[in-house]
Amino acid sequence: MNTKLNAYCICLLLLLTSRVMARQEGSKQMLCPQVKIEVERLPDLNIPRAGHQVFCVNGEFTVAGGHTKAFVPTPTAEYFKDGQWHEIPMVYNHDVGFSVVLKSGKVLLAGGCSEPIGIGQTYLAEMYDPVTHSFDGFGCLDQKRTMASGLELDSGQVVIAGNWYHDDGIELFDGKRNCHYIKDVSVGHSVPFVFRTAKDDAIVMGSLGVRGDTLHTALADRLKGEAVEIPLFNTWRPITATTHRDAECFIGDELKDIYAYLMAVCDSTGQIAIAKVVNGEVSLLPTTVPVPMKSQWGGIEYYSGIIADRERGRAYLIGGNADFCSQPEKGVRYYVLRIDYALAGAGRLAPLTLYYTDYLPMGNDYTPILTPKGNLLVAGGLSTALSNFYPSDHAYVLCVNQQEVPAESRSSLWWWVSGLLTALVAIVVVVLLWWRKRNQTSVAPIADNVPDEAAEALMARINDLVESERLYLNSELKVSDIASVFHVHRNDISACINSQTGRTFAQYLNRYRIDYAKQLMLNNPDKKVSSIWMESGFGSEQTFFKAFRAVTGMSPREWISQIND
């Protein structure tokens, strides 16, 4: 009877493992829970527009400038109040310009095309006062720009960078009326990401060149000091986001001098991941599952900057159906990736949830803004005609904050079923052990009874998770963190790693960390050892040196000297 029961357990475990692996390989991207969200249709804008700015100030949604039908610039703005859009005049149109919501509550708008149909650049700058609903054309930029970006420093000054088909450079708006040239840049960008690294410093980075070319560089310019290399950008690069507002992806704490931001990055295969930029240092944010690149309706194309809801500890990345350009008549199905970044840390991974909408009759080229209620507003942009000559006048609210607990999706339902089957297997194994103990029959440890095929399959899944999410860079990663992802006991993970690699969990991670440290040393010969071990995921310098010698048989200095020789 014991033999038959043991064989039954093995067969059931093999069946469960094979089905889980088939599910993972055949539809890996479905691991992220998917939830349909409601969409609220607002009254249409008074003027169809694209190339405009959208922001929320004084509790009011506001769209400003851009161009309307026939690709004609429109020096008008509209604010939403009492259930309707109210049109007001601007001084300039700022078609494909930029805007910065200042701490004063006012909004700086500057740059843009100098002629209709998106030609040229301008020096023009003006200030919007949401209290009086008035615009004041006060001065000009130091350099004419379009498709630029701006970010306010703690001092009230605004760092400005980026351009389109024109020279790039960094300048500062003094917060009052004047802009001053600061420096040339080593790499010219269009709509670059500008992030604070300190109270009075910032870093400029991106992957879109001034002529629309894709940049493959790890260099980033700083407001103060020389350009720096971002090691992560050797394998990952920022996604091209033609509209984004850098202040909206801030998740740090100025009072503690923590200047942290989130951004989306992609690798050479097109896979998206979430990166965290802390005081200029860039690393991947560990997540429970990879960013989904497909849904049951097809591919997803992410195109926005990240929007952080700091009050609720979550952030959003916006995408649309990848076949929109080939089948625009269907409209766009918005995808909103929810990132619960506040739950990450201390060895924990950030959960991801994919929201989606029905098809909407508008384009997907504009980044929404966060509403005071924690939802997302999108207004204007290209219509389904996919032409700047036919912009949209639609406005919608994507109700991402309508439910705190996501409803079950097909993928999460699968994992409930998998968990149930795993529990049944565990019960059978326990019964088997009890039966053998009752009959005073010695039995090997459970791990020894697990078939090689099952252990190899689990090891492959562990390797895939650790490598794709670079979990080894988290110095506080625990066995239980890996176990929670696969819904198994931590002892199963430890036993699997030991049986398949001959190493402990720490030794297994240190192999990855040492390889990463080697690349850092090769690519950054001037980088200090204190930075190397911290960036590589080690908890202390002593642990780093000990692990390095255990893996290579020499110290870091000896190893790099041997390589250079």
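The exercises below work through a predicted model of one protein chain, each with a stepwise solution.

**Exercise 1. Overall composition and confidence**

Determine how many helices and strands the protein chain has, what share of its residues is buried, and where pLDDT stays under 50.

Solution. Step one is the inventory: the protein chain contains ten helices and 33 strands. Step two turns to burial and contacts: 54% of the 565 residues count as buried, and, among contacts with a separation of 6 or more, 57% link residues 24 or more positions apart. Step three concerns confidence: the chain has a mean pLDDT of 85, with 85% of its residues at 70 or more. Over residues 404-417, however, pLDDT stays under 50, and the model has 24 contacts beyond four places in sequence for this stretch. Residues 439-449 also remain under 50, with nine such contacts in the model.

**Exercise 2. An open sheet**

Establish the order of the strands in the sheet that contains β9 and β12, identify its edges, and describe how β11 pairs with β12.

Solution. Begin with the order, which is β9-β10-β11-β12 in an open sheet of four strands with antiparallel pairing. The edges follow from the pairing, since β9 (98-101) and β12 (134-145) each pair on one side only. Between neighbouring strands of this sheet the average turn is 20 degrees, with direction ignored. Finally, take a single pair: strand β11, residues 122-129, is joined to β12 in the antiparallel sense by seven bridges, and Ala125 is found opposite Gly139 of β12.

**Exercise 3. Strand β18 and its partners**

Decide whether the two faces of β18 are covered or uncovered, and describe the pairing of β18 with β17 and with β19.

Solution. First consider burial along the strand: β18, spanning residues 201-205, is mostly covered, with five of its five residues buried. Next, separate the faces, recalling that side chains in a regular strand alternate between the two faces of the sheet. On one side of β18 lie Asp201, Ile203 and Met205, on the other Ala202 and Val204, and all of these are buried, which leaves both faces covered. Then follow the chain backwards to strand β17 (residues 193-198), which pairs with β18 in the antiparallel sense over five bridges, and which a hairpin of two residues joins to β18. Within this pairing, Phe193 has Met205 of β18 as its bridge partner. Last, look at strand β19 (residues 219-222), which runs antiparallel to β18 and is joined to it by two bridges; here Val204 stands opposite Asp221 of β19.

**Exercise 4. Classifying helix crossings**

Classify the arrangement of α5 with α6, of α7 with α9, and of α9 with α10, and list residues that make each contact.

Solution. Start with α5 (residues 479-486) and α6 (residues 490-501), whose axes come within 8 Å and cross at roughly 105 degrees. Because angles of 65 to 115 degrees count as roughly perpendicular, α5 and α6 are therefore roughly perpendicular to each other. Val479, Ser480, Ile482, Ala483 and Phe486 of α5 meet Arg490, Ile493 and Ser494 of α6, a contact that has five nonpolar, two polar and one charged residues.

Continue with α7 (residues 505-523) and α9 (residues 541-552), where the axes come within 10 Å and the crossing is roughly 95 degrees. This angle makes α7 roughly perpendicular to α9. From α7, Asn510, Arg511, Ile514, Ala517, Lys518 and Met521 meet Phe544, Ala547, Phe548, Val551 and Thr552 in α9, and by class the contact has seven nonpolar, two polar and two charged residues.

Finish with α9 and α10 (residues 556-564), which pack at about 45 degrees with axes 9 Å apart, and this makes α9 oblique to α10. Phe544, Phe545, Phe548, Arg549 and Thr552 of α9 make the contact with Pro556, Glu558 and Trp559 of α10; by class, it has five nonpolar, one polar and two charged residues.

**Exercise 5. A loop residue**

Locate Ser536, decide whether it is buried or exposed, and name its contacts.

Solution. Ser536 belongs to the loop between α8 (529-535) and α9. Since its relative accessibility is 0%, Ser536 counts as buried. Once neighbours within four places in sequence are set aside, Ser536 is in contact with Tyr472, Leu473, Arg513, Tyr516, Ala517 and Leu520. One of these, Ala517, is also among the α7 residues that meet α9.

Note on methods. Residues numbered from 1 in each chain as written. Predicted model: local features only at pLDDT ≥ 70, side-chain atom pairs only at ≥ 80, totals over all residues. Heavy atoms only, no water. Axes fitted to C-alpha atoms, helices over the stretch in contact; angles between N-to-C directions. Parallel < 35°, antiparallel > 145°, perpendicular 65-115°, else oblique. Contact = heavy atoms within 4.5 Å. Nonpolar A, V, L, I, M, F, W, Y, C, P; charged D, E, K, R; others polar. Pairing = 2+ DSSP bridges. pLDDT = per-residue confidence, 0-100. Buried < 20%, exposed > 50% of the residue type's maximum accessible area, 1.4 Å probe, protein only.
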